[in-house]
Amino acid sequence: MTKILETKELYFSYPDGTCALQGINFHSEKGEFIGILGGNGSGKTTLLRVLNGLLKPSKGNVTLDGNDLKSIKSDRLFTRMCTCFQDPDDQLFSPTVGEDIAFGPNNMGLTKEEVQKRVEYSLSCVGLPEFVHKSINGLSYGQKKRVCLAGVLAMGPEIILLDEPTASLDPMGVSSIMHLLKEMNVEKGVTMIMATHSVDLVPLFLDRVVILDKGRVVKEGLPQDVFADADMLRSANLRLTQIGHLFEILKKRDRLDIKGLPLTIGQAREELKALR
């Protein structure tokens with residue numbers, strides 16, 4: 001696969017002296033769905049804001065297709081790589097859903113017909129085709145999250161950065177949003193980079209995970225490999241998936257002869273069947 005986004009020895013410090021990123025080496029390959037995991041204050045949001053150019057690194061650089069981010073014009077950058085922020089109210093500002101989604105495509109200089117086509121298409125993708133004239137103020141929190149995704153999708157980006165996209169959603173809302181993102185990733189080839197601390201989503205949807213702690217990468221790799229190190233997760237203020245924690249207890253306390261550490265119900269079922 002081809003590296004599309006990469007950082008080398010990336011550092012970032014805030015004006016108050018807080019060093020939020022310390023020597024981050026990160027890359028994403030085209031078409032991947034990557035999770036950036038860490039506890040509060042680990043540097044997840046800061047990394048996303050450096051990746052999308054909203055913050056300038058104190059040291060090191062970010063490259064997009066091998067080109068330094070500083071050399072790419074803002075209008076070109078923000079059409080290739082879009083961000084969904086944690087709070088949709090930070091992103092939505094127009095009176096109606098249709099106007100908000102149309103804002104980005106209008107600024108791309110597209111024709112009125114093409115803009116309308118993109119608005120309708122993106123709303124259909126997020127399951128809200130009838131919401132084009134609906135007031136933003138009349139939306140539920142979950143609907144606002146979907147409209148934010150529609151606005152990003154209407155730009156036709158190659159990369160979407162997501163900051164806690166499931167935060168404050170009920171269980172059905174979480175499932176709906178994550179299946180939508182995975183569908184966009186698989187069917188449309190959009191590269192997804194998601195900051196989250198929701199570990200139970202990892203084995204179900206993500207191709208690769210990067211663990212941050214105190215602004216440093218402490219582990220990266222396939223979910224199964226990364227989550228095999230429970231002590232590392234806990235030191236980074238994370239935990240095993242609920243299924244993984246159950247099987248950790250079964251192995252350590254109940255002495256069951258379990259070979260692996262399943263992370264999903266499906267994996268757990270296979271492990272239990274092997275015990276018969």
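Mentor: Partly exposed means a relative accessible area between the buried limit, under 20%, and the exposed limit, over 50%. Keep in mind that this model is predicted.

Trainee: Why is Leu272 called partly exposed?

Mentor: Its relative accessible area is 42%. Buried needs under 20% and exposed needs over 50%. Leu272 is therefore partly exposed.

Trainee: Where is Leu272 found?

Mentor: In helix α11, residues 265-274.

Trainee: Which residues make the nonpolar surface patch with Leu272?

Mentor: Leu256 and Leu275 join Leu272 there, and the patch is about 230 Å². Patch members need over 30% relative accessible area. Leu272 has 42%, so it clears that cut-off.

Trainee: Now the interior. Which residues touch the most other members of the largest nonpolar core?

Mentor: Leu123 and Phe227, in a core of 59 residues. Leaving aside neighbours within four places in sequence, Leu123 is in contact with Val97, Ile101, Leu128, Pro129, Phe131, Val132 and Ala150. Another core, of 26 residues, lies apart from that one; Ile36, Leu64, Leu69 and Ile193 are among its residues.

Trainee: How do you know that β4 and β5 pair?

Mentor: Pairing needs at least two bridges between the strands. Strand β4, residues 59-64, and β5 have 2 bridges, in the antiparallel sense. They therefore meet the cut-off. As for the residues, Thr63 has Asp68 in β5 as its bridge partner.

Trainee: What makes β5 an edge strand?

Mentor: β5 (67-68) pairs on one side only, and so does β2 (19-29). The open sheet has 4 strands in the order β2-β1-β4-β5, with antiparallel pairing.

How values were computed
Residues are numbered from 1 along each chain as its sequence is written. This is a predicted model: local features need pLDDT of at least 70, side-chain atom pairs count only at pLDDT 80 or more; totals for chains, interfaces and linings use all residues. Side-chain values use heavy atoms; hydrogens and water are left out. A nonpolar core is a set of buried Ala, Val, Leu, Ile, Met, Phe, Trp, Tyr and Cys residues joined through side-chain atoms within 4.5 Å. Buried means under 20% relative accessible area, exposed over 50%, partly exposed in between (1.4 Å probe, protein chains only). Contact means heavy atoms within 4.5 Å. Patches are made of residues with over 30% relative accessible area and no salt bridge: like charges are joined within 9 Å, nonpolar side chains (Val, Leu, Ile, Met, Phe, Trp, Tyr) within 5 Å. Accessible areas come from the Shrake-Rupley method with a 1.4 Å probe; for residues, only the protein chains shown count as cover. A salt bridge is a side-chain nitrogen of Lys or Arg within 4 Å of a carboxyl oxygen of Asp or Glu.
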